[in-house]
Amino acid sequence: MLIRRKPDLTEADVTDPAWYARRREFLQGTAALLLTAGGLRPARAGHGGRRLDFRPRPDLAVPDALTDYTDVTTYNNFYEFGTDKASPAELAGRLTTDPWSVTVDGEVARPGTYALEDLLKPHPLEERIYRLRCVERWSMVIPWIGFPLADLITRVEPTSRAKYVAFTTLYRPEEMPGQRRHVLDWPYVEGLRMDEAMHPLTLLAVGLYGEVLPNQNGAPLRLVVPWKYGFKSIKSIVRIHFSERQPMTTWHKAAPHEYGFYANVNPEVDHPRWSQKRERRIGEFRKRKTLPFNGYAEQVAHLYAGMDLRRFF
Ligand SMILES: Nc1nc2c(c(=O)[nH]1)N[C@H]1C(S)=C(S)[C@@H](COP(=O)(O)O)O[C@H]1N2
Ligand SMILES: [Mo]
């Protein structure tokens, strides 16, 4: 099934009018909330991107201070634009994200290539403040805008044989200069077990800091799995595939003894070349203790009950 593309992902496409009126209320409410929470957070001024309308989910937010917008958008891992942190912000501007479509296939009743705007339309957007921790021992706190991956999965109706969901990033070396070198096996692929994918914390993000995702953060659609190391949160997704077998993942293929399929944030399991016990929150000086499941243990530990998390790292 091929759905015809419309010229642009307009704000109306991603706006539920009911949230329109509440947005101002939210912005004021949040300012008050954040101040009383003790963290002096910067005002939510615009950063020049297209504004999104969304519903706040303070119930799903972490209380930590937000990472500075400049750090969130200039200190990135996006190997398609180079292996250093600065290249994505410098080079991702040339990536064309419109038109964009996502192929849904495999063990699913409603496969097809969906235009992004059609894929997003039924899903009201939410803001969720999540931690993101890179396996390289730095972390950030980011106000993501998106919707639960579970909502999309439910809509496309996986079959009973679907045990895993695999994701693929765009392969377009003309616009992604990092792909002209074989530093990774392109395109970048990642995967989740079905229960991880269906977990209410698992987010498909289309924005951050109230605006459409900057390209360097994975525009126009990326995964955010807050209890796993950052590399699971695949960017610029073009394919979502349902399978019976556990899919291969890019980092596991690149270094199987360093990066497992699960990649849960686990301070007890060292990376072979360094300890994972501590992390540097970008913008802070003193190192923090890394929390099991990145602080989301209460919500997700049950998914791994009975599994040896040293073996399934
Ligand atoms: N396609 C793709 N997705 C990716 C990566 C990448 O190189 N390519 N890097 C991952 C890693 S290692 C991290 S830590 C996060 C970084 O996300 P951010 O730049 O938005 O903070 O993206 C993840 N998703
Ligand atoms: Mo990472």
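**Exercise 1. Surroundings of Q216**

Which residues does Q216 touch, not counting residues up to four places away in sequence?

*Solution.* Before the steps, two conventions must be stated. The structure is a predicted model in which local features need pLDDT of at least 70 and side-chain atom pairs count only at pLDDT 80 or more, while totals for chains, interfaces and linings use all residues. Residues are numbered from 1 along each chain as its sequence is written, chains are lettered from A and ligands numbered from 1 in the order in which they are written, and side-chain values use heavy atoms, with hydrogens and water left out.

Step 1. Locate the residue: Q216 lies in the loop between β9 (211-212) and β10 (222-224). Helices (H or I, at least four residues) and strands (E, at least two) are DSSP runs, numbered from the N terminus.

Step 2. List the contacts, where contact means heavy atoms within 4.5 Å. Q216 touches T73, N76, F78, P88, A89, A92 and K235.

Step 3. Examine T73 in detail: its backbone oxygen lies 2.8 Å from a polar atom of the side chain of Q216.

Step 4. Classify the residue. Buried means under 20% relative accessible area, exposed over 50%, and partly exposed in between (1.4 Å probe, protein chains only). Q216 counts as buried because its relative accessibility is 12%.

**Exercise 2. Confidence in the model**

State the mean pLDDT of the protein chain and identify the stretch where pLDDT is below 50.

*Solution.* Step 1. Recall that pLDDT is the predictor's confidence in each residue, from 0 to 100.

Step 2. Read the values for the chain: the mean pLDDT is 90, and 86% of the residues reach 70 or more.

Step 3. Identify the stretch: over residues 1-43 the pLDDT is below 50, and this stretch has 66 contacts in the model beyond near neighbours in sequence.

Step 4. Draw the consequence. Where pLDDT is low, the predicted coordinates should not be read in detail.

**Exercise 3. The surroundings of ligand 1**

Determine which residues come nearest to ligand 1 and describe the polar atoms around the ligand.

*Solution.* Step 1. Of the 16 residues around ligand 1 (a heavy atom within 4 Å), N76, Y79, E80, R222 and K235 come nearest.

Step 2. Consider the side chains. A polar side-chain atom of N76 lies 2.8 Å from an oxygen atom of ligand 1. For K235, an N or O atom of the side chain is 2.7 Å from an oxygen atom of the ligand.

Step 3. Consider the backbone: an N or O atom in the backbone of Y79 lies 2.8 Å from an oxygen atom of ligand 1.

Step 4. Consider the area. Taken alone, ligand 1 exposes 530 Å², and the protein buries 99% of that; accessible areas come from the Shrake-Rupley method with a 1.4 Å probe, and for residues only the protein chains shown count as cover.

**Exercise 4. Two residues of strand β12**

Describe the burial and the contacts of E279 and of R280.

*Solution.* Step 1. E279 is found in strand β12 (residues 278-281), and R280 also has its place in β12.

Step 2. E279 counts as buried, at 3% relative accessibility, whereas R280 is partly exposed, with a relative accessible area of 33%.

Step 3. Leaving aside neighbours within four places in sequence, E279 is in contact with R133, R137, S139, K287, R288, K289 and T290. The side chains of E279 and S139 are joined by a polar contact of 2.8 Å (a pair of N or O atoms within 3.5 Å; within protein, one must be able to donate a hydrogen and the other to accept it, and residues adjacent in sequence count only if both atoms are side-chain atoms).

Step 4. Not counting residues up to four places away in sequence, R280 touches Y75, R137, W138, S139 and K287. The C-alpha atoms of R280 and S139 are separated by 6.1 Å, although these residues are 141 residues apart along the chain.

**Exercise 5. Helix α5**

Explain why the buried residues of α5 line one face of the helix.

*Solution.* Step 1. The buried residues of α5 (residues 149-156) are L149, A150, L152, I153 and V156.

Step 2. Seen down the axis of α5, these residues fall within an arc of 160°, so they line one face of the helix. The arc is that of the directions from the helix axis to the C-beta atoms.

Step 3. E157 follows α5 and has a positive phi, near 55°.
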